[in-house]
Amino acid sequence: MVTRPLVRLLGALGGVACALLVATPATAGPIYPAPDPDRFYAAPADLAAHRPGDVLGVRVLPPVAVFPGATVRLIKFRSTDSRGAPIAATTTIATPAGHRPGAPLLSYQHFINSLGTDCAVSHRLYGADLNLSVIMPALGTMLARGWSVALPDHLGPHFALGAGRLGGQITLDSVRAVKQVPELAVADSPAILAGYSGGGLATAWAAVLQPSYAPELRLAGAAIGGAPMNLVSMAEGLGHNPHPAFGLAMAAAIGLEREYPDRVQVSANLNPRGLAMRDAMANLCTNDILALGAGGSAHEFATGPAVFEQPEAWDVVKENSVELYDRVPEMPIFEWHSPTDPLVPINAIDNTNRRWCAAGVRLQTLQVPSFEHLSAAVAGTPAMLAWLEGRVRGEPAPVAC
C-alpha cells in the first residue's frame, strides 16, 4: 500500500524539475547519470586542493546562432555539494562582440529540469531545446546591450533535481569563477542573478546563501520568477491522483536521492515497475521525461513504507525550502509570478515575500496575468529586464512591500 506522504511528495516535486537518465539494471540504491563522454566535464584528481569558485578549465565553444557575434566559453570550476564535499561544476558564458571590460554580467539560472549529462546547457544550446528557447530572446537582448551572460549547470555533476541549496552554492561559485577568467574581462563588472521556476529556486537559494557562503561576492541583486519556495507545502497541497506531469515528480524524487543517498531512499520504496520507470528515465531530458511519465501516479510505482514518512527524508525537503530558511537576502530582490499558477504554492511565495519585507529586504514584486506556469515566465520578462538594468546602473532599488 502506498501512503499519502510519498504520493504527495512525488506529485509536489514535479513542479520543481525534470530528469535525464540512462537505462541500467535495476538496483535498490540511487541511479546516477551516465558520465559525460567529454572528459572536460570530469573532476580533476586534485579537486580537493582547490577553493570554491576556483577555475578548473576553460574551453571556447562553437558560435551559437541565437547569440550572433558572441564568443561562447565553457568554464569548469570547483564548488561544494550538500555534504560540504568538493565537486566540479560548469557554466556556459557568452561574451558579446566588442565587449567592454567591466560591462554588466548576468548569471541566468535556466530551469534545466533534468537528470542527465546531455541536458547540460552547453549541450542544449546546440540543439532544438524548446524550454531554453523561452528565455533566449531576452538573453540575446542583454548581449546586444553589451552584457555578458552566463548559464550555470546548477543541478551539479549528478543532476540532482530538487536540491535547491546545492543550486544556490553552484550559482554563487559560478560567478566567482567567471570573475577570475582574464579573457572574460568581468572581474570588475556589476554582477546580477535571475532565474525562473527551478532556475528561480537556485536563484533564491543563491540570494539567501550569499552572506554566509560567498560574503566577499558583491551582487547587484536577484530576480526570482515562479519559484517553488516551499517543497513541503507543495507536498501537502497535492493528492494522489494520476497527473500529466508525474514524470517530473519522479525525476525530482530521484534527484534528491542522488544528492542525499543516506537520507532519501526512494529506490528502496519502488516496486519492479517503479524501478523500471526510474531506469528508463535515467538519461532523458525534460520533454522526454514528461512523455514517459504522463498520467502516472505513485500508486503504480511505489511499495512498502513510504520513505517520505521518515523524519530524515522530510528534513531534506525542509532544508531545500526557501520559505523555511531563517536567513534573508542582503541584496535587492525582484520577484514575479502568476497568482493562478497551478504548479507552485502561491501562499509560500507570498509568505516568503512578507518575511523578507519585514526583515528589511529591498523587494519589488509583480503578479503577472497568466493562467499557467510557463507563460508567466514570458509575461514577467520585460519588467524583470528593466529591473536588472536599474540595478547594474546603480539606481536605488525600489521597495514595494
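Biologist: What makes β7 and strand β8 (residues 333–337) a pair?
Modeller: In this predicted model, four bridges join β7 to β8, and the two strands run parallel. Pairing requires at least two bridges, so the term applies. One of the bridge partners can be named: I224 stands opposite E335 of β8.

Biologist: Where do β7 and β8 sit in the sheet, and what is the order of its strands?
Modeller: The order is β1-β2-β3-β5-β4-β6-β7-β8-β9, which makes nine strands in an open sheet with mixed pairing.

Biologist: Why are β1 (55–61) and β9 (363–367) said to stand at the edges?
Modeller: Each has a single partner strand, so one side of each is left without a neighbour in the sheet. On average, neighbouring strands of this sheet are turned by 20 degrees against each other, direction ignored.

Biologist: Which helices lie on this sheet?
Modeller: Helix α6 packs on the sheet and touches β2 (71–80), β4, β6 (191–196), β7 and β8. The direction of α6 makes about 145 degrees with that of β6. Helix α13 (residues 346–358) lies across β7, β8 and β9 and runs at about 160 degrees to β8.

Biologist: How do you know that strand β5 (residues 148–152) is largely enclosed?
Modeller: Five of the five residues of β5 are buried, so the rest of the structure largely encloses the strand. Both faces are covered: S148, A150 and P152 are buried on one side, V149 and L151 on the other.

Biologist: In which sense does β5 pair with strand β3 (residues 86–95), and in which with strand β4 (residues 105–109)?
Modeller: With β3 the pairing is antiparallel, over four bridges; with β4 it is parallel, over three. Both counts meet the minimum of two bridges, so both are pairs. P152 is the bridge partner of T91, and A150 stands opposite S107.

Biologist: Why are helix α5 (residues 164–178) and α6 (residues 198–213) called roughly perpendicular?
Modeller: Their axes cross at roughly 70 degrees and come within 7 Å. The class covers 65 to 115 degrees, so the value belongs in it. The crossing is right-handed. On the α5 side the contact includes G164, L172 and R176, and on the α6 side W205, L209 and Y213 are among the residues involved. By class, this contact has seven nonpolar, six polar and three charged residues.

Biologist: What makes A214 buried?
Modeller: A214 has a relative accessible area of 0%, and the cut-off is under 20%, so the label follows. A214 lies in the loop between α6 and β7 (219–225). Neighbours within four places in sequence aside, A214 is in contact with L172, R176 and L209.

Biologist: Is D129 buried or exposed, and on what value?
Modeller: D129 has a relative accessible area of 14%; that too is under 20%, so D129 counts as buried. D129 is in the loop between α2 (121–124) and α3 (130–133).

Biologist: How do helix α9 (residues 272–281) and helix α10 (residues 286–293) pack?
Modeller: They pack at an angle of about 160 degrees, with axes 10 Å apart. Roughly antiparallel means over 145 degrees, so this angle qualifies, and α9 is roughly antiparallel to α10. M277, A280 and M281 of α9 make the contact with I289, L292 and G293 of α10.

Biologist: How many residues of the contact of α9 with α10 are nonpolar?
Modeller: Five are nonpolar, one is polar and none is charged.

Note on methods. Residues numbered from 1 in each chain as written. Predicted model: local features only at pLDDT ≥ 70, side-chain atom pairs only at ≥ 80, totals over all residues. Heavy atoms only, no water. Axes fitted to C-alpha atoms, helices over the stretch in contact; angles between N-to-C directions. Parallel < 35°, antiparallel > 145°, perpendicular 65-115°, else oblique. Contact = heavy atoms within 4.5 Å. Nonpolar A, V, L, I, M, F, W, Y, C, P; charged D, E, K, R; others polar. Buried < 20%, exposed > 50% of the residue type's maximum accessible area, 1.4 Å probe, protein only. Left-handed = near helix turned anticlockwise from the far one by under 90°.
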